Amino acid sequence: MLNIIQADERERVVERKEVPLFENDAFREAVINAFVHNKWVSGNEPMITVFSDRIEILSRGSLAPEQTMEGFFAGESVPVNRKLSEILLQLHISEKTGRGVPKITQRYGKEAYEFRENSIVVTIPFNWINVMGDKVGDKRSDKVGDKNAESFLNHTQARILAEIRNNPNITKPRLAEILKLGKTTIDKGIAVLKKYGYIERIGSNKSGYWKVLK
């Protein structure tokens with residue numbers, strides 16, 4: 001439903017060109033891989049986060065013990081959950097093991113993957129014909145209970161909120177490291193999230209955690 005078809009009428013002569021918002025096959029493979037390689041034993045499920053310019057598909061855990069980085073990008077499939085992988089194959093949800101990563105990197109490059117300490121994130125960028133800026137994101141709702149308030153967060157604030165949702169125990173230095181942002185930017189983003197009722201700090205800075213309110 002999210003992957004809208006856009007009409008590209010730039011330099012139109014006879015017929016318009018229809019352009020999807022993102023590569024659906026790559027997105028599908030990323031989601032399937034997130035389920036097959038997720039560390040379900042930890043009790044956490046994969047997470048899909050939609051931003052104004054991209055989708056991030058996060059799976060918990062890291063590469064399988066028998067897997068190497070070279071083999072991973074080469075498409076040598078070593079599922080973390082072998083039985084689940086077999087079930088998806090039998091149901092024809094997954095057509096062939098090992099094809100997902102090469103399909104994604106062929107379309108978006110190896111930089112589509114980010115390997116974090118306890119998770120792997122695949123980023124599927126949006127192909128907006130009309131480039132969307134962050135101006136709309138600078139507007140904010142003063143109503144804490146507004147269901148659409150999150151759409152008024154700018155790009156940086158939305159990324160900070162997503163990381164806090166993913167890990168309520170995350171620290172500001174870790175946020176700065178993951179998002180590759182300065183301390184001042186992180187502080188300002190968190191201040192906005194607290195002001196508009198998105199998050200609340202429970203406990204001290206050292207031993208406390210973030211509580212996501214909405």
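**Entry 1: N166 and R60**

I looked up the side chain of N166 and found a polar contact of 2.3 Å with the side chain of R60. I note that this is a predicted model. Next I asked where N166 sits. N166 belongs to helix α5, which covers residues 155-166.

Is N166 buried or exposed? I read a relative accessible area of 18% for N166. Buried means under 20%, so N166 counts as buried.

Then I listed what N166 touches, leaving aside its neighbours within four places in sequence. I found M47, L58, R60 and R116 in contact with N166. R60 turns up here as well as in the polar contact.

**Entry 2: strand β4 and its partner**

I moved on to strand β4, residues 54-60. How many bridges pair β4 with β6? I found seven, and the two strands pair in the antiparallel sense. I checked one position in β4: E56 has T123 in β6 as its bridge partner.

**Entry 3: strand β5 and the hairpin**

I then turned to strand β5, residues 113-115. β5 and β6 run antiparallel and are joined by three bridges. I picked Y113 and found V122 of β6 as its bridge partner. I also looked at the link between these strands. A hairpin of three residues joins β5 to β6.

**Entry 4: strand β6**

Last, I looked at β6 itself, residues 119-125. Why is β6 described as largely enclosed by the rest of the structure? Five of its seven residues are buried, so the description follows. I closed with its partners: β6 pairs with β4, and bridges join β6 to β5.

Definitions and conventions:
Residues are numbered from 1 along each chain as its sequence is written. This is a predicted model: local features need pLDDT of at least 70, side-chain atom pairs count only at pLDDT 80 or more; totals for chains, interfaces and linings use all residues. Side-chain values use heavy atoms; hydrogens and water are left out. Helices (H or I, at least four residues) and strands (E, at least two) are DSSP runs, numbered from the N terminus. Buried means under 20% relative accessible area, exposed over 50%, partly exposed in between (1.4 Å probe, protein chains only). A polar contact is a pair of N or O atoms within 3.5 Å; within protein, one must be able to donate a hydrogen and the other to accept it, and residues adjacent in sequence count only if both atoms are side-chain atoms. Contact means heavy atoms within 4.5 Å. Two strands pair if DSSP finds at least two bridges between them.
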